[in-house]
Amino acid sequence: MRKEASSMYELRMKRIYDDIAPDDGQRVLVDRLWPRGVKKDQAALAAWPKEITPSAELRKLYHAGELPFEGFAATYLDELEASAPAHAFAQECRRWLEEDNVTLLYAAKNTEQNHVHVLRRWLLHAMGVSAR
């Protein structure tokens, strides 16, 4: 089902452990590490751009409790802004969103304070799309 040209599909987020849904559209794993218990051939991924995930150093600081989420988010935004692969991925997302939904997949148990919320906000900004 194609939407009219002026509107875009949705940029969604969900855990990779949730069931695959027909309206997921382009499924993109946005974790640096492969999630435990998930078989690669059953993940139905369009992409796994590890280079747009938080740096290993940043991830370790946050998970060790040495950095509050606000500091993590601010540093991750800086990493994304300075990353050519992240900007290229934003353009790819924009192309996908013209045709279908894009679902950003992650493994974190904490569904409220994780890097995917930061990434989604940055992608929408980089694509020039207002958050919905």
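Which helix does F89 lie in? F89 lies in helix α3. Keep in mind that this is a predicted model, and let's start from the whole fold before coming back to that phenylalanine.

**The overall fold**

The protein has four helices and three strands, and along the sequence they come in the pattern β-β-α-α-α-β-α. Its radius of gyration is 15 Å, close to the 14 Å that the globule rule gives for 132 residues, so the protein is as compact as a globular protein of that length. If you want a feel for the dimensions, the C-alpha atoms fill a box of roughly 45 × 35 × 25 Å along the principal axes.

Contacts tell you something about how the chain is put together. Take those between residues at least 6 apart in sequence: 63% of them join residues at least 24 apart.

**Inside and outside**

Of the 132 residues, 39% are buried. On the outside, the protein exposes about 7700 Å², with carbon and sulfur atoms supplying 51% of that area. As for charge, there are 19 positive and 20 negative side chains, and the centres of the two sets lie 4 Å apart.

**The cores**

In soluble globular proteins, nonpolar side chains tend to be buried together. Here the largest nonpolar core has 31 residues, and the members touching the most others are L11, V102, L104, L119, L123 and M127. These are the elements that give two or more residues to this core:

| Element | Residue range |
|---|---|
| α1 | 56–63 |
| α2 | 69–81 |
| α3 | 84–97 |
| β3 | 102–106 |
| α4 | 115–127 |

Helix α4 supplies the largest share, seven residues. Apart from this core lies another one, of six residues, including I16, V38, A43 and A107.

**L123 and F89 up close**

What does L123 contact once its neighbours within four places in sequence are left aside? The partners are L11, F89, A90, C93 and L104. Two of these names, L11 and L104, also turn up in the list of core members that touch the most others.

That brings us back to F89. Is F89 buried or exposed? With 7% relative accessibility, F89 counts as buried, because the cut-off for buried is under 20%. Again leaving aside neighbours within four places, F89 is in contact with V28, P49, I52, W96 and L123. So the F89–L123 pair shows up from either side, in the contacts of L123 and in those of F89.

How far is F89 from D31 in space, C-alpha to C-alpha? The two are 14 Å apart, with their positions 58 residues apart in sequence.

Conventions. Residues are numbered from 1 along each chain as its sequence is written. This is a predicted model: local features need pLDDT of at least 70, side-chain atom pairs count only at pLDDT 80 or more; totals for chains, interfaces and linings use all residues. Side-chain values use heavy atoms; hydrogens and water are left out. Helices (H or I, at least four residues) and strands (E, at least two) are DSSP runs, numbered from the N terminus. The radius of gyration is taken over C-alpha atoms; the globule rule is 2.2 Å times the number of residues to the power 0.38. Buried means under 20% relative accessible area, exposed over 50%, partly exposed in between (1.4 Å probe, protein chains only). Contact means heavy atoms within 4.5 Å. Accessible areas come from the Shrake-Rupley method with a 1.4 Å probe; for residues, only the protein chains shown count as cover. Lys and Arg count as positive and Asp and Glu as negative; His and the chain ends are not counted. The place of a charge is taken as NZ of Lys, CZ of Arg, CG of Asp or CD of Glu. A nonpolar core is a set of buried Ala, Val, Leu, Ile, Met, Phe, Trp, Tyr and Cys residues joined through side-chain atoms within 4.5 Å.
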